[in-house]
Amino acid sequence: GRMNLGVVTLNLPRMALESAGNQEEFWNILNERLEVARAALVYRIHRVKQARPENAPILYMNGAWGRKLQATDDVAELFTKKRATISLGYIGLYEAATVFFGPDWEGDTIAKQFTLDILAELKRKCDQWGDEQGIHFSVYSTPSESLTDRFCRLDQEQFGTIKNITDKEYYTNSFHYDVRKKPTPFEKIDCEKDYPVYCSGGFIHYVEYPNIQQNPKALEAVWDYSYDKVAYLGTNAP
């Protein structure tokens with residue numbers, strides 16, 4: 001198996017707010033932040049490589065990671081040739097697009113393509129960095145509840161209360177449909193199905209239902225609908 005060496009998560013709404021609605025400026029800012037993220041991730045790699053097998057004997061010496069090193073061995077041999085991963089995360093794809101296209105952009109093909117282009121650029125950079133470092137860099141659809149609140153709070157302090165962005169007091173995880181709209185499972189699947197291809201570091205794709213204890217066929221219908229559209233689908237029900 002592979003060990004993940006950590007994650008650095010991008011605050012996409014902040015970049016959009018800093019661009020003041022100028023898409024060209026947004027891409028400039030994104031590229032700058034990507035270089036910062038790359039430096040942080042590479043620093044993590046170098047720090048982990050400084051470890052000695054005896055620092056974590058279960059992991060390095062007792063085979064927890066598929067190899068048993070001696071105390072004098074170099075732990076770096078367990079990371080290179082893409083045996084390890086390190087992740088670039090992101091939060092607030094919905095809010096970032098809202099800056100440019102308004103809060104109801106999910107049905108706008110141009111807006112949707114804009115969001116896909118963002119993830120495609122993250123994936124392109126990660127692939128490039130992975131080839132340079134010999135470690136698999138992956139795009140991670142960050143599910144962190146603490147960051148969704150923290151990033152939004154920090155941006156509210158800097159940019160003020162902005163309708164449909166900082167006024168909610170949270171940013172939307174990953175590539176998720178705006179939960180306030182209460183989409184049907186079918187709408188949510190159709191909107192989100194195009195994003196996971198860029199998320200080699202993992203993602204959560206789920207749909208929500210009302211109480212369907214008396215209607216199990218509804219659950220089966222969604223499963224059937226999603227069968228050839230998504231690789232993995234979670235189910236949330238009361």
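**Sheet, aromatic cluster and two loop residues in a predicted model**

Ala64 makes contact with Ile58 and Leu59, when residues up to four places away in sequence are left aside. The model examined here is a predicted one, and in it Ala64 is placed in the loop that runs between helix H3 (57-60) and strand E2 (84-91). With a relative accessibility of 54%, Ala64 counts as exposed, because the cut-off for that class is over 50%.

The strand that follows this loop belongs to an open sheet of three strands, arranged in the order E1-E2-E3 with parallel pairing. Strand E1 (3-11) and strand E3 (136-140) form the edges, each of them pairing on one side only, and neighbouring strands of the sheet are turned against each other by 25° on average, direction ignored. The pairing of E1 with E2 is parallel and extends over seven bridges; within it, Val7 stands opposite Ser87 of E2, and Leu10 has Tyr90 of E2 as its bridge partner. E2 and E3, which likewise run parallel, are joined by five bridges, and here Gly89 stands opposite Tyr140 of E3.

Two helices were examined with respect to this sheet. Helix H5 (residues 109-133) packs on the sheet and touches E1, E2 and E3, with a direction that makes about 160° with that of E3. Helix H6, in turn, lies across E1 and E2 and runs at about 30° to E1.

Strand E2 is mostly covered, eight of its eight residues being buried. In a regular strand the side chains alternate between the two faces of the sheet. Both faces of E2 are covered in this model: Ala84, Ile86, Leu88 and Tyr90 are buried on one side, and Thr85, Ser87, Gly89 and Ile91 are buried on the other. Ser87 and Tyr90, named above as residues facing Val7 and Leu10 respectively, thus appear on opposite sides of the strand.

Aromatic contacts were considered next. The structure holds ten aromatic pairs, among them an edge-to-face pair formed by Phe26 and Phe100, whose rings are 5.6 Å apart centre to centre with 75° between the planes. Since Phe26 lies in helix H2 (residues 23-49) and Phe100 in helix H4 (residues 93-101), this pair ties together parts that are 74 residues apart in sequence. Phe26 is buried, at a relative accessibility of 0%, and Phe100 also counts as buried, at 16%, because the limit for that class is under 20%. Both residues take part in one aromatic cluster, which is formed by Phe26, Trp27, Phe100, Phe101 and Phe114.

A further set of side-chain contacts involves Asp178, which is found in the loop between helix H6 (145-159) and helix H7 (185-192). In spite of this loop position, Asp178 is buried, with a relative accessible area of 2%. The side chain of Asp178 is joined to that of Tyr94 by a polar contact of 3.3 Å and to that of Lys181 by a polar contact of 2.8 Å. When residues up to four places away in sequence are not counted, Asp178 touches Tyr94, Glu106, Tyr170 and Pro183. Of these, Tyr170 also has the charged end of Lys168 over its ring, 4.2 Å from the ring centre. The two loop residues described here therefore fall into opposite classes, Asp178 being buried and Ala64 exposed.

Conventions: Residues numbered from 1 in each chain as written. Predicted model: local features only at pLDDT ≥ 70, side-chain atom pairs only at ≥ 80, totals over all residues. Heavy atoms only, no water. Helix = DSSP H or I, 4+ residues; strand = E, 2+ residues; numbered from the N terminus. Buried < 20%, exposed > 50% of the residue type's maximum accessible area, 1.4 Å probe, protein only. Polar contact = N/O pair within 3.5 Å; in protein donor to acceptor, adjacent residues only side chain to side chain. Contact = heavy atoms within 4.5 Å. Phe/Tyr/Trp six-rings, centres within 6.5 Å; stacked < 30°, edge-to-face > 60°. Lys NZ or Arg CZ within 6 Å of the ring centre and 35° of its normal. Pairing = 2+ DSSP bridges. Axes fitted to C-alpha atoms, helices over the stretch in contact; angles between N-to-C directions.
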